[in-house]
Amino acid sequence: VHLNTMQGLELINVINKLGLKDKLKDLVLGQGESGDKKIEYMKLQNEYMHKVIELIETKMPKKEYDELPEAEQTKILNEVMTDEIAEMGARLNVIASEVNTMAASEGFDLFYTAVIERFYGNKDVIFKALSSIFNVKTKELEKQELAATALMIKKIMESPDIQAFMKVFL
C-alpha cells in the first residue's frame with residue numbers, strides 16, 4: 001500500500017481521533033521492555049558477528065570467505081565454531097523470538113484498541129481513510145467481512161510509506 005500526502009494526513013487524523021499517538025510511538029520506538037529487549041538483541045548480534053568473523057579469519061580472509069559458495073561457507077564455519085560462540089548464537093535466536101513475540105503482542109494491542117475499543121465511535125473517520133487509501137466506497141467497507149477490513153488496516157501498518165514517514169522523525 002502506498003499513500004499520498006492527503007491519505008497520510010487522513011491516517012494521522014484517525015490516529016489522533018482514536019488517541020493512538022502514544023501507543024503508536026511506543027510501538028515504533030520500542031519503548032519499555034520490548035525496547036530493552038531489542039537493544040539487548042542488537043548488542044548481542046553485533047558481538048556475535050564480530051566473534052564469528054574473528055573465527056573465520058583464523059582460517060582465511062573474510063573477503064575470500066564471502067566469495068565461497070554457501071556450502072563451503074557452512075563447512076568453514078563448522079570447522080572454526082566454538083561452543084561459546086554456538087551458545088551465543090542460540091541465545092541470539094531465543095532473544096530474537098522474544099522480540100518478535102513482544103512486537104506481535106504490542107501490534108495486537110494497538111490493533112485491538114483501534115478496531116475494537118475505539119472503532120464504533122470513530123467509524124466515519126476510519127472508513128473515510130480506508131475508502132481513500134483503498135479506493136473503496138464506504139458502504140462496501142461496511143458490508144465486507146471484518147477480516148478484510150482488518151487486513152486493510154494491517155497493510156497500512158506495514159506500508160513502506162508509513163515506515164519511511166516514521167523514520168523521518170526517528
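A pocket, as the word is used here, is an open set of grid points with protein on both sides within 12 Å along at least five of seven lines. The model examined is a predicted one, and its second largest pocket holds about 170 Å³ of space. Seven names make up the lining of this pocket: Gly107, Phe108, Phe111, Lys154, Met157, Glu158 and Gln163. Helix 6 and helix 9 (146-157) are the elements that each give two or more residues to this lining. Of these, helix 6 gives the most, with 3 residues. Sorted by class, the lining has 3 nonpolar, 2 polar and 2 charged residues.

Helix 6 also takes part in the salt bridges, to which we now turn. A search of the whole structure finds 9 of them. In one of these, Lys37 pairs with Glu98, and their closest N and O atoms are 2.8 Å apart. Because Lys37 sits in helix 3 (residues 32-56) and Glu98 in helix 6 (residues 83-117), this pair ties together parts that are 61 residues apart in sequence. The two partners can also be described by their accessibility. Lys37 has a relative accessible area of 15% and is therefore buried, the cut-off for that class being under 20%. Glu98, at 29% relative accessibility, counts as partly exposed. The pair also belongs to a wider arrangement, since a network of salt bridges links Lys37, Glu40, Arg91 and Glu98.

A further salt bridge joins the side chains of Lys59 and Glu79, with 3.0 Å from N to O. Here too, distant parts of the chain are linked: Lys59 lies in the loop between helix 3 and helix 4 (62-66), while Glu79 lies in helix 5 (residues 70-80), and the two are 20 residues apart. Lys59 is partly exposed, with a relative accessible area of 46%, and Glu79 is likewise partly exposed, with 41%.

Another salt bridge is found within a helix. Glu142 pairs with Lys139, the closest N and O atoms lying 3.8 Å apart, a distance that fits the cut-off of within 4 Å. Both residues belong to helix 8 (residues 138-143), and because they are 3 residues apart there, about one helical turn separates them. Glu142 is partly exposed, with a relative accessible area of 38%. Lys139, in turn, counts as exposed at 56% relative accessibility, the cut-off for exposed being over 50%.

Conventions: Residues numbered from 1 in each chain as written. Predicted model: local features only at pLDDT ≥ 70, side-chain atom pairs only at ≥ 80, totals over all residues. Heavy atoms only, no water. Helix = DSSP H or I, 4+ residues; strand = E, 2+ residues; numbered from the N terminus. Buried < 20%, exposed > 50% of the residue type's maximum accessible area, 1.4 Å probe, protein only. 1 Å grid on protein atoms, 1.4 Å probe; cavity = no way out; pocket = protein on both sides within 12 Å on 5 of 7 lines; lining within 4 Å. Points joined across faces, edges and corners; volume = space filled by probe spheres on them. Nonpolar A, V, L, I, M, F, W, Y, C, P; charged D, E, K, R; others polar.
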